Amino acid sequence: MEAVMETIPPKAPDLRRLLGPLVAHGVDFVLIGGMAGIAQGSSLPSYDLDIAYARDKANVRRLVSALEEIGVRLRGGPADLPFQLDERTIENGANFTFITPFGDFDILADVAGVRSYDELSRGASEKDVYGLAVRVASLDHLIAMKRAANRPKDRNMVEEYIVLADEIRRRETEEDEA
């Protein structure tokens with residue numbers, strides 16, 4: 001039985017239950033990672049939710065409130081590692097990986113491949129994600145992030161994201177010429 005369970009892919013996160021509290025609390029964030037790729041048209045699966053977030057004090061306060069509502073627990077650390085979810089912890093850290101009742105959830109302040117959160121935010125577009133208005137990273141930023149990560153799965157995603165970006169640019173050019 002264990003061998004079979006090891007081959008079953010992880011369950012995709014419940015985006016509505018993870019993004020809803022962020023939106024409700026007014027958190028300044030951008031959807032990144034595989035779910036952002038899916039929102040941009042990718043067919044590749046993703047089994048966690050990744051966001052980049054603004055580091056200003058007021059936003060960190062809103063983020064902590066949303067994370068408390070979601071019920072996050074630290075992922076990947078020793079079981080006996082104490083973790084206090086509060087503003088100071090988030091301010092003293094940058095990137096956190098969490099387990100939640102709704103799936104794995106990663107929050108990043110330092111995003112490899114992107115110069116700054118402001119740059120990422122300016123390039124993002126608002127999309128409807130399960131009825132929620134969410135800013136989603138641009139394909140160009142997703143490509144830069146995946147190139148910086150450079151894992152085998154990221155290299156596969158880069159290829160698809162380039163094709164998607166080229167197709168979008170082609171369509172935009174055709175619309176402009178029409």
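I99 comes out as partly exposed in this predicted model, because its relative accessibility is 28%, and the cut-off for buried is under 20%. The residue sits in strand β4, which covers residues 96-99. Look across from there to V72: the two are 27 residues apart in sequence, yet their C-alpha atoms are 5.8 Å apart in space. V72 has company, too. Setting aside neighbours within four places in sequence, I99 touches G71, V72, R73, L74 and R75, along with D104.

Now move along to helix α7, residues 139-149. Its buried residues are L139, H141, L142, I143, M145 and K146. Among the elements covering them are β1 (29-32), α3 (33-39), α6 (117-123) and α8 (152-177). Right after α7 ends, N150 adopts a positive phi of about 55°.

Let's stay with α8 for a moment. It packs against α7 at an angle of about 160°, with the axes 9 Å apart. Angles over 145 degrees count as roughly antiparallel, so that is how α7 and α8 run relative to each other. Their crossing is left-handed. On the α7 side, the contact is made by L139, D140, L142, I143, K146, R147 and A149; α8 brings D154, M157, V158, Y161, I162, L164, A165, I168 and R169. Sorted by class, this contact has 11 nonpolar and five charged residues, with no polar ones.

Finally, head back towards the start of the chain for helix α2, residues 15-24. Here L15, L18, L19, G20, P21 and L22 are buried. G26 follows α2, and its phi is positive, near 75°.

Technical notes
Residues are numbered from 1 along each chain as its sequence is written. This is a predicted model: local features need pLDDT of at least 70, side-chain atom pairs count only at pLDDT 80 or more; totals for chains, interfaces and linings use all residues. Side-chain values use heavy atoms; hydrogens and water are left out. Buried means under 20% relative accessible area, exposed over 50%, partly exposed in between (1.4 Å probe, protein chains only). Helices (H or I, at least four residues) and strands (E, at least two) are DSSP runs, numbered from the N terminus. Contact means heavy atoms within 4.5 Å. Axes are lines fitted to C-alpha atoms, for helices over the stretch in contact, and angles run from 0 to 180 degrees between N-to-C directions. Angles under 35 degrees count as roughly parallel, over 145 as roughly antiparallel, 65 to 115 as roughly perpendicular and the rest as oblique. A crossing is left-handed if the near helix is turned anticlockwise from the far one by less than a right angle, and right-handed if clockwise. Ala, Val, Leu, Ile, Met, Phe, Trp, Tyr, Cys and Pro count as nonpolar, Asp, Glu, Lys and Arg as charged, and the others, Gly among them, as polar.
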